[in-house]
Amino acid sequence: MKSTITRIFGLLSLITGFSSLTASGQVGSSTYDAMLRALLSHSVSEMSVPAVQGLKKEQVYFLDAREQREFDVSHIEGAYHVGYDHFNLSTVKSIPTDARLIVYCSVGYRSEKVAEKLQKAGFKNVSNLYGGIFEWVNQGHAVYDKRGPTTRVHAYDQVWGVWLKRGEKVY
């Protein structure tokens, strides 16, 4: 992942100078969008935060592909923790393969990889939340911990945390 970070920030230094030319697609910041376009392989369907807001909650399974310590700080309400480093299909065995799944992580890289695995396992309606939980919070949507709503968000580390513009950053 460190080589990916180096590549992204190299590209970002070029992009930042031309950010006014970059059309912001599915996230609020054109610079964040440019970084995501370079980072992700776009191998699975992507869903923007506003598009997710248009779905009925009871028809969607949110799967959190971050590590347990990140999930414990906060997560999207009702999300299932599936992790990344130790992701195992047994964590989703009770979910029907035709269910609407939206997988997320901090920015979308880890969730994209988990979504690929879910598709290969036969899940038919899987999307990656474009911009991840950072964009969810940046657009003003609530996150929760075991006690209820919280402003705290695990920002992964100082490098990736620059993309989280709202909430209280926790490392």
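# Exercises on a five-stranded sheet

Strand E4 (residues 100–104), helix H5 (residues 109–120) and strand E5 (residues 125–129) form a β-α-β unit that is right-handed. Keep in mind as you work that the model is predicted.

## Exercise 1: Build the sheet

**Task.** Work out which strands pair with E5, and then find the strand order of the sheet.

**Solution.**

Step 1. Begin with the E4 side of E5. These two strands are parallel and share four bridges. To find the register, look at leucine 101, which lies opposite valine 126 of E5. Asparagine 128 in E5 is likewise the bridge partner of valine 103.

Step 2. Turn to strand E1 (residues 45–47). Three bridges connect E1 to E5, again in parallel, and serine 45 has serine 127 as its bridge partner in E5.

Step 3. Now follow E4 to strand E2. Five bridges hold E2 and E4 together as a parallel pair. Leucine 63 is partnered here by valine 103 of E4, a residue that you have already met as the bridge partner of asparagine 128 in E5.

Step 4. Finish with E3. Two bridges link E2 to E3, and the strands run parallel; aspartate 64 stands opposite histidine 81 in E3.

Step 5. Put the pairs together. The result is an open sheet of five strands in the order E1-E5-E4-E2-E3, with parallel pairing. E1 and E3 are the edge strands, each pairing on one side only.

## Exercise 2: Place the helix

**Task.** Which strands does H5 touch, and what angle does its direction make with that of E4?

**Solution.** The sheet assembled above has the order E1-E5-E4-E2-E3. H5 packs on this sheet and touches E1, E2, E4 and E5, while its direction makes about 150° with that of E4.

## Exercise 3: Classify the aromatic pairs

**Task.** How many aromatic pairs does a search of the whole structure find? Examine two of them, and decide whether their residues are buried or partly exposed.

**Solution.**

Step 1. The search yields three aromatic pairs. One of them joins tyrosine 61 and tyrosine 80, with 5.8 Å from centre to centre and 40° between the planes, a tilted arrangement. This pair links distant parts of the chain: tyrosine 61 belongs to strand E2 (residues 60–64) and tyrosine 80 to strand E3 (residues 80–81), 19 residues apart.

Step 2. Check the accessibility of both rings' residues. Tyrosine 61 has a relative accessible area of 24%, so this residue is partly exposed. Tyrosine 80, at 39%, is partly exposed too.

Step 3. Take phenylalanine 62 and tryptophan 136 next. Their ring centres are 5.9 Å apart and their planes stand at 70°, so this pair is edge-to-face. Here the chain separation is 74 residues, with phenylalanine 62 in E2 and tryptophan 136 in helix H6 (residues 132–138).

Step 4. Apply the cut-off: buried means under 20% relative accessible area. Phenylalanine 62 is therefore buried, at 9%, and tryptophan 136 is buried at 7%.

## Exercise 4: Find the covered elements

**Task.** How many residues are buried in E5, E2 and helix H2 (residues 30–39)?

**Solution.**

Step 1. In E5, four of the five residues are buried. E2 is mostly covered as well, with four of its five residues buried.

Step 2. For H2, eight of ten residues are buried, among them Tyr32, Met35 and Leu39.

Step 3. Look at the start of H2, too. There, a side-chain oxygen of serine 29 comes to within 3.3 Å of the backbone nitrogen of threonine 31, and Thr31 is one of the buried residues of this helix.

Methods: Residues numbered from 1 in each chain as written. Predicted model: local features only at pLDDT ≥ 70, side-chain atom pairs only at ≥ 80, totals over all residues. Heavy atoms only, no water. Buried < 20%, exposed > 50% of the residue type's maximum accessible area, 1.4 Å probe, protein only. Pairing = 2+ DSSP bridges. Right-handed = clockwise from strand over helix to strand, strands pointing away. Phe/Tyr/Trp six-rings, centres within 6.5 Å; stacked < 30°, edge-to-face > 60°. Polar contact = N/O pair within 3.5 Å; in protein donor to acceptor, adjacent residues only side chain to side chain. Contact = heavy atoms within 4.5 Å. Axes fitted to C-alpha atoms, helices over the stretch in contact; angles between N-to-C directions.
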